[in-house]
Amino acid sequence: MQIATWNINSLSVRLPQVLGWLAAHPVDVLCLQELKLTDDKFPFDAIEAAGYEAAAFGQKTYNGVAILSRAPLRDVVRNIPGFGDEQARVVAATLDAPGGPLRIVNGYFVNGQEPGSEKFAYKMRWMEALHDWLRGELAAHPRLALLGDFNIAPEDRDSYDPVGLRETIHHTSEERTHFRALLALGLTDAFRMFEQPEKTFSWWDYRMLGFQKNRGLRIDHILVSEALKPLVESCTVDRAPRKNQQPSDHAPVVAELRG
DNA sequence: ATGGCCAATAGAATTGGA
């Protein structure tokens, strides 16, 4: 089976591209971020017609996440329990898969704007809360995958300019420490389980011909638990949708799980 | 000179993204 994540930067604008991509890549699970719409405007009918159930958690203008799944979803959690958050950034759900129940956690991590800013402090608090909540989630659901837009380039090789951008947003030591703390829970970056082309990224700035020059970052990730790790057969970035007319600035990341 | 684009809101300029 295949699980995927894609920050689509407005579902209203990108719904046709999402449906088109799903038609060509009928993944079992697709986690979306930056819906930028409220749940009453979520296109449940079009998603259902494409063969998917959706657990949506949106808000007006900003943020918003959803899990699309071919199998029914249950035990849906919206945002991090106990962490009061005005912003819709997390949705989690369980589905039945060949090897047993699969827990999907979809996160739209805080951008953080600039180190030292209030938004950066919020990013740190948010990641600490996510980390602490995930410890229990992993204990309750050994077969767990954390997918989403992490807004962190975990290592220098995940950035087009690691020297020029050292300690800037997405590259700071603090952010990378938080990323490693997630790994220390027993999660593995599925992308790095395999040989990958140099300079593989998942986001490119709309400005400055970012995509054409491959000036990008790898900030969208799929992390898998110890129980899932032996089942991962591949993990790739699909650059093709970034070439669409009116593209999202992010590309989908897809992992193949055996079974 | 450190930007240039894109989306939402509103109905022009601002906020946020990364």
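Visitor: What makes the approach of the Asp205 side chain to the backbone nitrogen of Arg207 a polar contact?

Guide: In this predicted model, a polar atom of the Asp205 side chain lies 2.8 Å from the backbone nitrogen of Arg207. A polar contact requires a pair of N or O atoms within 3.5 Å, one able to donate a hydrogen and the other to accept it. The value of 2.8 Å falls within that limit, so the pair qualifies on distance.

Visitor: Where is Asp205 found, and why is Asp205 called buried or exposed?

Guide: Asp205 belongs to the loop between β10 (203–204) and β11 (216–217). Its relative accessibility is 15%, and buried means under 20%; Asp205 therefore counts as buried. Leaving out residues up to four places away in sequence, Asp205 touches Gly210, Phe211, Arg215 and Arg242.

Visitor: What is noted about the phi of Met208, which is found in the loop between β10 and β11?

Guide: Met208 has a positive phi of about 60° although it is not a glycine. Most residues other than glycine have a negative phi, which is why such a value is remarked upon. With a relative accessible area of 52%, Met208 is exposed, because the term applies over 50%.

Visitor: Which phi does Asn63 have, and how do you know whether Asn63 is buried or exposed?

Guide: Asn63 also is not a glycine and has a positive phi of about 60°. It is placed in the loop between β3 (53–57) and β4 (65–69). At 6% relative accessibility, against a limit of under 20% for buried residues, Asn63 counts as buried.

Visitor: Why are helices α3 and α4 described as roughly parallel?

Guide: The axes of α3 (residues 118–140) and α4 (residues 173–184) cross at roughly 10° and come within 10 Å. Angles under 35 degrees count as roughly parallel, and α3 and α4 are therefore given that description. From α3, the contact draws on Phe120, Lys123, Met124, Met127, Glu128, Leu130, His131 and Leu134. From α4, the participants are Glu174, Glu175, His178, Ala181 and Leu182.

Visitor: What makes up the contact of α3 with α4 in terms of nonpolar, polar and charged residues?

Guide: Seven residues of this contact are nonpolar, two are polar and four are charged.

Visitor: Which residues touch the most other members of the largest nonpolar core?

Guide: That core has 36 residues, and Ile3, Ile67, Leu95, Leu102, Ile104 and Ile222 touch the most other members. Strand β6 (residues 90–97) gives the most to this core, with four residues. Another core, of 28 residues, lies apart from it and includes Val77, Leu130, Leu138 and Leu182.

Visitor: What is in contact with Ile67, leaving aside neighbours within four places in sequence?

Guide: The contacts of Ile67 are Val29, Leu30, Cys31, Glu53, Ala54, Ala55, Leu73, Val91, Ala92, Ala93, Ile104 and Asn106.

Visitor: How do you know whether Ala54 is buried or exposed?

Guide: Ala54, in strand β3, has a relative accessible area of 18%. Since buried means under 20%, Ala54 is buried. Beyond four places in sequence, Ala54 touches Phe42, Phe44, Ile47, Ile67, Leu68 and Leu73. Its C-alpha is 25 Å from that of His131, and the two residues are 77 apart in sequence.

Visitor: What makes Ser225 buried, and what does the side chain of Ser225 reach?

Guide: Ser225 has a relative accessible area of 2%; the limit is under 20%, and Ser225 is therefore buried. The residue sits in the loop between β12 (220–224) and β13 (232–237). Its side chain reaches the backbone oxygen of Pro142 at 2.5 Å, and the cut-off for a polar contact is 3.5 Å. Aside from neighbours within four places in sequence, Ser225 is in contact with Leu138, Pro142, Arg143, Leu144, Gly186 and Leu187.

Visitor: Why is Arg74 called partly exposed?

Guide: Arg74 lies in strand β5 and has a relative accessible area of 32%. Buried means under 20% and exposed over 50%, with partly exposed in between, so Arg74 is partly exposed. Excluding residues up to four places away in sequence, Arg74 touches Ala93, Thr94, Leu95, Asp96, Pro101 and Arg103.

Definitions and conventions. Residues numbered from 1 in each chain as written. Chains lettered and ligands numbered in written order. Predicted model: local features only at pLDDT ≥ 70, side-chain atom pairs only at ≥ 80, totals over all residues. Heavy atoms only, no water. Axes fitted to C-alpha atoms, helices over the stretch in contact; angles between N-to-C directions. Helix = DSSP H or I, 4+ residues; strand = E, 2+ residues; numbered from the N terminus. Parallel < 35°, antiparallel > 145°, perpendicular 65-115°, else oblique. Contact = heavy atoms within 4.5 Å. Nonpolar A, V, L, I, M, F, W, Y, C, P; charged D, E, K, R; others polar. Core = buried A, V, L, I, M, F, W, Y, C linked by side-chain atoms within 4.5 Å. Buried < 20%, exposed > 50% of the residue type's maximum accessible area, 1.4 Å probe, protein only.
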